[in-house]
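The following exercises concern the contact between two chains. Please examine the structure before reading each solution.

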Amino acid sequence: MKLKQLEGLLGELQQFSNPKELEQYPTGPHIASRMLFTAENSFEDVSNKVVADFGCGCGTLGAAAALLGAEHVMGIDIDSQSLELASLNAEDLELDINFIQSDIKNLGWRGQIVDTVVMNPPFGTRKKGADMDFLCVALKVASQAVYSLHKTSTRDHIKRVALRDLNASSAEVLCELRFDVPQLYKFHKKKEVDIAVDLWRFVPKGNQGKGTEHHLKSGTS
Amino acid sequence: MRLLTHNMLSSNIKGVANGFPLRIEVEKVVEKKVDLNADFLRNIFPKIEWKAFAEAARTLGYAELPEDADSSFLDSDDFLDKFHHALLELHLEEGALICPETGRRFPVNKGIPNMLLHEDEV
């Protein structure tokens with residue numbers, strides 16, 4: 001599947017209209033398609049794999065994984081309304097995605113079955129440290145790779161913590177993207193804000209998989 | 001919810017020593033066909049906890065899986081068909097997952113298990 005085609009399909013999905021306290025910013029089709037396209041074409045981390053979308057929201061990343069040939073996709077989120085929307089979105093695209101309602105921190109996993117975790121975690125603006133909580137769990141659950149979006153302003157901190165504390169054998173920024181955050185919340189002062197985010201690829205320790213020879217040129221989205 | 005997902009989930013309630021496997025309470029099972037991917041099956045086989053998987057399949061009404069299996073079984077197309085069917089084509093739509101130690105019910109609605117813990121369970 002071509003990138004444009006993937007982006008087009010994801011563009012048909014319904015996004016949040018009424019986000020709550022959880023810092024739910026939908027991952028738009030532009031970023032989601034590039035994220036998964038890179039994961040598949042540069043690293044083969046998607047097709048025929050077991051992929052988990054942490055904090056799946058309306059399910060865009062999981063849908064992208066399924067469209068690119070993941071064999072089994074799971075979407076985990078704490079919020080019922082998001083999961084309802086995500087289910088409808090999966091149905092619309094005729095995708096089979098297993099959704100689970102849970103707090104990421106409290107879900108019990110057995111074994112090393114998940115290959116790849118993809119996520120657009122909360123930035124940790126409202127609830128401090130939420131982004132690191134997600135990363136911590138992701139690196140425990142994934143056996144091959146974790147793809148995640150984090151604010152560029154936190155780059156050094158993330159790299160340090162991932163390598164030192166969270167069991168990552170490598171932590172690479174694949175590219176920098178611009179994330180449009182519309183004025184969804186009352187605490188947002190401006191109408192629309194552009195946030196620079198890094199697309200990261202982390203490899204958990206104990207995995208002998210692919211290195212990170214492939215890098216994208218940084219650019220704006 | 002596929003049985004592949006069930007084979008990965010455990011109860012994480014505070015104080016529980018071994019929350020796997022979750023018992024299954026069935027109200028509605030749905031079958032959704034998907035293409036068989038032999039490479040995927042061969043790769044995933046060693047990661048599956050077989051006894052729990054076969055038992056779960058039986059609970060969903062599918063008794064064709066052997067009690068035990070080893071990788072030599074993967075040479076048989078017949079086995080692959082059954083493995084594929086139970087792992088990926090059977091879906092628990094309505095029912096519950098039950099913590100094996102505390103008996104706590106995690107309801108499953110429209111195929112989605114609700115694994116949210118109460119404050120005192122964390």
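Contact here means heavy atoms within 4.5 Å. This is a predicted model, in which local features need pLDDT of at least 70 and side-chain atom pairs count only at pLDDT 80 or more, while totals for chains, interfaces and linings use all residues. Residues are numbered from 1 along each chain as its sequence is written, chains are lettered from A in the order in which they are written, and side-chain values use heavy atoms, without hydrogens and water.

**Exercise 1.** Determine how many residues each chain gives to the contact, and the area buried.

Solution. Chain A supplies 26 residues and chain B supplies 28 residues. Buried area is the accessible area (1.4 Å probe) that two parts lose on being put together, summed over both. Between chain A and chain B this is about 2,300 Å², with 57% coming from carbon and sulfur atoms. In chain A, the residues that lose the most area to chain B are E71(A), R110(A) and I113(A), together 28% of what that side buries.

**Exercise 2.** State the count of salt bridges between chain A and chain B.

Solution. A salt bridge requires a side-chain nitrogen of Lys or Arg within 4 Å of a carboxyl oxygen of Asp or Glu. The count between the chains is two. K47(B) and D115(A) form a salt bridge through their side chains, at 3.6 Å from N to O.

**Exercise 3.** Identify the strand of chain B that β4(A) joins.

Solution. Strands (E, at least two residues) are DSSP runs, numbered from the N terminus, and two strands pair if DSSP finds at least two bridges between them. Two bridges join β4(A) to β1 (residues 9–10) of chain B, and the strands run antiparallel. W109(A) has L9(B) as its bridge partner in β1(B).

Methods: Helices (H or I, at least four residues) and strands (E, at least two) are DSSP runs, numbered from the N terminus.
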